[in-house]
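Please open the model in your viewer and keep the selection tool at hand. The stops below are meant to be taken in order.

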Amino acid sequence: FALIHKERQKANEVACMVLVGSVKDKVAILVDDMADTCGTACLAAKKLQDAGASRIYAVATHGILSGPALERISAAPFEQMVVTNTIPQEKNIQTNAKLKVIDISMILAEAIRRTHNGESVSYLFSNVPL
């Protein structure tokens, strides 16, 4: 297990990033809540590459992908950037081969339906609709 600790002085600006643990000859998976300009993910990927990770993947729930994000993803040392379709990605996946999108529309719809009807949402943790 390894993690990357980062400190920000302001939005979209990483002041310090430290890798804690060893990734040498391991597959590294970067996990984040959102990917906006992808500066942090790309810096982290470079740090993992420098530390000897054999393969690097990035996963984010919300792919905002603004500004230089797509160019950064293309140039980054990770093999894939995986995001959900909480934000439409049709145009982005046509122009960036590293970008993969997971469709979560069914589970969001079911969570909304369950909330509206007063049913258990935690039921979805072990019973994912397909």
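The tour goes from a central helix selection to the core, then to two loops, and ends with a second helix and a surface patch.

Bear in mind throughout that this is a predicted model.

Begin by selecting residues 39–50, which make up helix α1, a run of 12 residues that reaches 17 Å from its first C-alpha to its last, close to the 16 Å expected at 1.5 Å a residue. Colour Gly39, Thr40, Ala41, Cys42, Ala44, Ala45 and Leu48 within this selection, since these are the buried residues of α1. If you then display β1 (3–10), β2 (13–20), β3 (27–35), β4 (55–63), α2 (69–75) and β5 (80–84), you will have on screen the elements against which the buried residues of α1 pack. After the helix comes Gly52, whose phi is positive, near 100 degrees.

Next, turn to the largest nonpolar core, which has 25 residues, and select Cys38, Leu48, Ile56, Leu65, Phe78 and Met81, the members with the most contacts inside it. At least two residues of this core come from each of β2, β3, α1, β4, α2 and β5, and the largest share, 5 residues, is supplied by α1. Centre the view on Phe78, which, leaving aside its neighbours within four places in sequence, is in contact with Ala41, Cys42, Ala45, Ile56, Tyr57, Ala58, Ile73 and Lys98.

Two other members of that list deserve a look at their backbone. Select Cys38 in the loop between β3 and α1, where phi is positive at about 70 degrees although the residue is not a glycine; Cys38 counts as buried because its relative accessibility is 4%, under the 20% cut-off. Then move to Leu65, in the loop between β4 and α2, whose phi is likewise positive, near 50 degrees, in a residue other than glycine. Leu65 has a relative accessibility of 9% and therefore also counts as buried.

Now select helix α4 (residues 105–116) and pick out Arg114 within it. This arginine is buried, with a relative accessible area of 10%, and, apart from neighbours within four places in sequence, Arg114 is in contact with Glu119, Ser120, Val121, Tyr123 and Leu124.

Finish on the surface by selecting Phe1, Leu3, Val18 and Val20, which form a nonpolar patch with about 430 Å² of accessible area together. Within the patch, Leu3 belongs to strand β1 and is partly exposed, at a relative accessible area of 38%.

Notes
Residues are numbered from 1 along each chain as its sequence is written. This is a predicted model: local features need pLDDT of at least 70, side-chain atom pairs count only at pLDDT 80 or more; totals for chains, interfaces and linings use all residues. Side-chain values use heavy atoms; hydrogens and water are left out. Helices (H or I, at least four residues) and strands (E, at least two) are DSSP runs, numbered from the N terminus. The expected span of a helix is 1.5 Å times one less than its number of residues. Buried means under 20% relative accessible area, exposed over 50%, partly exposed in between (1.4 Å probe, protein chains only). Contact means heavy atoms within 4.5 Å. A nonpolar core is a set of buried Ala, Val, Leu, Ile, Met, Phe, Trp, Tyr and Cys residues joined through side-chain atoms within 4.5 Å. Patches are made of residues with over 30% relative accessible area and no salt bridge: like charges are joined within 9 Å, nonpolar side chains (Val, Leu, Ile, Met, Phe, Trp, Tyr) within 5 Å. Accessible areas come from the Shrake-Rupley method with a 1.4 Å probe; for residues, only the protein chains shown count as cover. A salt bridge is a side-chain nitrogen of Lys or Arg within 4 Å of a carboxyl oxygen of Asp or Glu.
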